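Please open the structure in your viewer and keep the sequence beside it, since each stop of this tour begins with something to select.

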Amino acid sequence: MAPGLSAPGLSVEDLSWGHTLPGSGWRQLFRSFSLTCPRGQFLVLIGSNGSGKSTLLNLVAGTLPAASGRIHLGGRPLHRLRDHQRARWIGRVMQNPLEGTCPGLTVAENLRLAERRHRPAFLAGGALLGALGGLHPDGADRRRYRELLGDLGLPLADRLDEPVGQLSGGQRQTLSLVMATLGSPDLLLLDEHTAALDPRAEATVIELTNRLIRQLGTTALMVTHSLEQALGHGDRLVMLHDGRPIGDWSAAEREALDPPSLRAMYGAATVKEAPCTVHDGSPAP
Ligand SMILES: Nc1ncnc2c1ncn2[C@@H]1O[C@H](COP(=O)(O)OP(=O)(O)OP(=O)(O)O)[C@@H](O)[C@H]1O
């Protein structure tokens, strides 16, 4: 388990959110949902289709407004911040490699863009000033990026001037991950970020994911459908069903599980009811 796990990380309290169903029905997906992750915890989220995994990430990221509830990150009330303020503290990688990067811009320009997102423009004397200059990376930027990518052992270090549209899906997802973690965000949200990759690229991206999370001490929520990933990565595994946590295991407790036992739990009929509130990865009573 990562060090410093007693510091405040992510806290979701009493979250409610629902959606209309085809026709005129209503489904209350999250009802008084709470989840606490100490700082630096790497939490893996699994669950059947429609169980609310991506929605939970969207609610935490603020891209979907919650009907009610409070979300704090490192003690900051995320639910009260504006989008650009939240973006400073949260890095995110989506499932589709095309979503996290701008294909027409080069690798260096994409990195520059990500850097600016984490340190947005500010007002001084009535004028809007870019905290880090323009979009075009200068010599110092390029040296920094080459060093960063080189230190991470990524061949992208030699491809700074290539348009991102020319990279493979795996390379784009690698770049998305580096971009998402560039400003050392307090929270990293990973939404099935390896699902569209071939096994080799998946292994590269998941290894880099582990390394970056540990290096930066970032709290992370990773959604996956891969039971192998769920059983092999992270400090804690939570299973959602119908907007409720129905399993919550520490890395040590997870060792008693295997893919067939997890798969069996996906069927609601075989699932033991669990309370809506889970804290710190301790086993549900
Ligand atoms: N913005 C939205 N408006 C209305 N309904 C939504 C919205 N976002 C999600 N939903 C609905 O909420 C439910 C949960 O969706 P969600 O994408 O969170 O599931 P999931 O667990 O991530 O599933 P999957 O594994 O298939 O990606 C679904 O029924 C979905 O249709």
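The tour goes from confidence to strands, then to the ligand, a helix and two loop residues.

Begin by colouring the chain by confidence, because this is a predicted model. The pLDDT averages 86 over the chain, and 85% of the residues score at least 70. Now select residues 121-132, where the pLDDT is below 50 and where the model has 14 contacts beyond near neighbours in sequence. Residues 268-285 also have a pLDDT below 50, and for this stretch the model has 33 contacts beyond near neighbours in sequence. For the complex, the predictor gives an ipTM of 0.96 and a pTM of 0.87.

Next select strand 1, residues 10-20, together with strand 2, residues 26-37; the two run antiparallel and are joined by eight bridges. At one end of the numbering of strand 1 you can look for T20, which stands opposite W26 in strand 2. Five residues lie between these strands in their hairpin, and there G23 takes a positive phi near 100°. Keep strand 1 selected and add strand 4, residues 68-73, which runs antiparallel to strand 1 and is joined to it by five bridges. Here the pair to pick out is L10 and, opposite it in strand 4, L73.

Now select the ligand and show the residues that surround it, which are H19, L29, G47, N49, G50, S51, G52, K53, S54, T55 and L64. What is the division of this shell into nonpolar, polar and charged residues? Two of the residues are nonpolar, eight are polar and one is charged. Helix 1, residues 53-61, gives the most to the shell, with three residues.

From G47, one of the residues around the ligand, you can move to another pair of strands. G47 has L240 in strand 11 as its bridge partner, and strand 3, residues 42-47, pairs with strand 11 in the parallel sense over five bridges. Select strand 11, residues 236-241, by itself: six of its six residues are buried, so the strand is largely enclosed by the rest of the structure. In a regular strand the side chains alternate between the two faces of the sheet. In strand 11, R236, V238 and L240 point one way while L237, M239 and H241 point the other way, and all of them are buried.

Add strand 12, residues 244-250, which runs antiparallel to strand 11 and is joined to it by six bridges. Within this pairing, R236 has S250 in strand 12 as its bridge partner. The hairpin of strands 11 and 12 has two residues between the strands, and D242 takes a positive phi near 55° there. D242 is a residue other than glycine, and it is partly exposed, with 17 other C-beta atoms within 10 Å.

For a second residue of this kind, select E192, which is not a glycine but has a positive phi of about 50°. E192 lies in the loop between strand 9 (187-191) and helix 6 (199-216). Is E192 buried or exposed? With 20 other C-beta atoms within 10 Å, E192 is buried.

Finish at helix 5, residues 169-181, whose 13 residues reach 18 Å from the first C-alpha to the last, close to the 18 Å expected at 1.5 Å a residue. The helix is mostly covered, as eleven of its 13 residues are buried. Among the buried residues, you can select Q171, R172, L175 and T181.

Methods: Residues numbered from 1 in each chain as written. Predicted model: local features only at pLDDT ≥ 70, side-chain atom pairs only at ≥ 80, totals over all residues. Helix = DSSP H or I, 4+ residues; strand = E, 2+ residues; numbered from the N terminus. Expected span 1.5 Å × (residues − 1). Buried ≥ 20, exposed ≤ 12 C-beta atoms within 10 Å, placed from the backbone. Pairing = 2+ DSSP bridges. Near = placed C-beta within 6 Å. Nonpolar A, V, L, I, M, F, W, Y, C, P; charged D, E, K, R; others polar. pLDDT = per-residue confidence, 0-100. Contact = placed C-beta atoms within 7 Å.
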